[in-house]
Amino acid sequence: MILYSKQYFPGTREELVKKVSATMSPKRFSHVLRVEKVALELAEYYGEELEKTSVAALVHDYAKERPDEDFIRQIDKGKYSQDLKAYGNEIWHGIIGADFVAEELEISDEAILQAVRLHTTGAKEMSRLAQIIYVADFIEDGRDFPGVATARRLAFENLASAVAFETKHTLQFLIEKEVKVYPKTIETYNAWVAN
Ligand SMILES: [Fe+2]
Ligand SMILES: [Fe+2]
């Protein structure tokens with residue numbers, strides 16, 4: 001039984017796992033566990049704090065299966081721009097999802113919350129932890145897409161290159177699908193790819 005340091009989560013890993021798995025399908029929860037696994041490997045490799053990484057990975061998709069109304073309500077509270085309404089769960093579950101992580105799981109570590117916020121869009125500036133969660137989400141063992149082998153190799157060569165690779169790939173994918181691109185994703189592209 002792993003008891004986390006209080007500043008990360010007030011309880012054990014088992015307790016956190018129970019709370020997170022209750023909010024999502026078994027399939028998604030296996031994804032979460034695979035993200036935790038590779039995130040811990042990256043943390044070990046790059047000297048990031050393991051407990052912090054474990055908590056961030058376990059909660060990164062906490063809000064992924066929540067109804068849209070929950071996010072709309074948060075936007076209407078005034079903390080976010082109304083423009084966010086033009087997007088959907090893909091964007092909301094990170095940026096706004098961090099609010100639910102903080103409120104419902106009693107997680108207050110700002111680095112963990114920021115890693116959750118940024119895991120789908122990236123950002124101009126990302127902490128090492130945020131980079132690890134962003135990349136781990138992309139390369140976890142269950143992922144299978146052209147380029148995943150390169151992404152996995154880059155992740156253990158140079159974290160920033162892996163962030164760049166993923167950002168470019170994601171943007172290409174969004175453009176191919178002709179869906180709206182959240183401006184922050186473009187900011188991430190400008191900072192990490194076209195720099
Ligand atoms: Fe996610
Ligand atoms: Fe994820």
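**View 1. The largest pocket of this predicted model has a volume of about 930 Å³.** Its lining is made up of 30 residues. Nearest the centre of the pocket lie K64, E90, T120, T170 and F173. Four elements each give two or more residues to the lining: α2 (26–46), α5 (89–95), α8 (128–139) and α10 (159–177). Helix α10 supplies the largest share, with six residues. By class, the lining divides into ten nonpolar, nine polar and eleven charged residues.

**View 2. Helix α3 (residues 50–59) is largely enclosed by the rest of the structure.** Eight of its ten residues are buried, so little of the helix escapes the "largely enclosed" label. The buried residues are K52, T53, S54, V55, A56, A57, L58 and V59. They pack against five named helices: α1 (13–21), α2, α6 (97–105), α7 (110–118) and α8. Two of these, α2 and α8, also give residues to the lining of the largest pocket.

**View 3. Four residues coordinate the iron ion (ligand 2).** The donors are H31 (NE2), H60 (NE2), D61 (OD) and D137 (OD). They sit at 2.2 to 2.3 Å. Angles among the four donor atoms run from 83 to 174°, and the site is irregular. Along the chain, the donors follow the spacing H-x28-H-D-x75-D. H31 and H60 link distant parts of the chain. H31 belongs to helix α2, while H60 lies in the loop between α3 and α4 (68–79). The two are 29 residues apart. Both H31 and H60 are buried.

**View 4. D61, H93 and H119 coordinate the iron ion (ligand 1).** D61 donates through OD, and H93 and H119 each through NE2. The distances are 2.0 to 2.1 Å. Here the donor spacing along the chain is D-x31-H-x25-H. D61 lies in the loop between α3 and α4 and H93 in helix α5, so this pair ties together parts that are 32 residues apart in sequence. D61 is buried, and H93 is buried too.

**View 5. D61 bridges the iron ion (ligand 1) and the iron ion (ligand 2).** What separation do the iron ion (ligand 1) and the iron ion (ligand 2) show? They are 3.5 Å apart. D61 coordinates both. On one side of the bridge, the iron ion (ligand 2) is also held by H31, H60 and D137. On the other, the iron ion (ligand 1) is also held by H93 and H119.

**View 6. E106 has a positive phi, near 55°, and is not a glycine.** Most residues other than glycine have a negative phi. E106 lies in the loop between α6 and α7. Is E106 buried or exposed? Its relative accessibility is 53%, so E106 counts as exposed. The cut-off for exposed is over 50%.

**View 7. E178 has a positive phi of about 55°, although it is not a glycine.** E178 lies in the loop between α10 and α11 (183–192). The helix before this loop, α10, gives six residues to the lining of the largest pocket. E178 is exposed, with a relative accessible area of 74%.

Terms used
Residues are numbered from 1 along each chain as its sequence is written. Chains are lettered from A and ligands numbered from 1 in the order in which they are written. This is a predicted model: local features need pLDDT of at least 70, side-chain atom pairs count only at pLDDT 80 or more; totals for chains, interfaces and linings use all residues. Side-chain values use heavy atoms; hydrogens and water are left out. On a 1 Å grid over the protein atoms alone, a cavity is a set of points where a 1.4 Å probe fits but cannot get out, and a pocket is an open set with protein on both sides within 12 Å along at least five of seven lines; lining residues have an atom within 4 Å of a point. Grid points are joined across faces, edges and corners, and a volume is the space filled by probe spheres set on the points. Ala, Val, Leu, Ile, Met, Phe, Trp, Tyr, Cys and Pro count as nonpolar, Asp, Glu, Lys and Arg as charged, and the others, Gly among them, as polar. Buried means under 20% relative accessible area, exposed over 50%, partly exposed in between (1.4 Å probe, protein chains only). Contact means heavy atoms within 4.5 Å. Donors are N, O and S atoms within 2.8 Å of the metal (3.2 Å for Na, K and Ca); water is not among the atoms, so sites may look incomplete. Four donors count as tetrahedral if all angles lie between 85 and 135 degrees; four count as square planar and six as octahedral if opposite donors are over 155 degrees apart and all others between 65 and 115; anything else is irregular.
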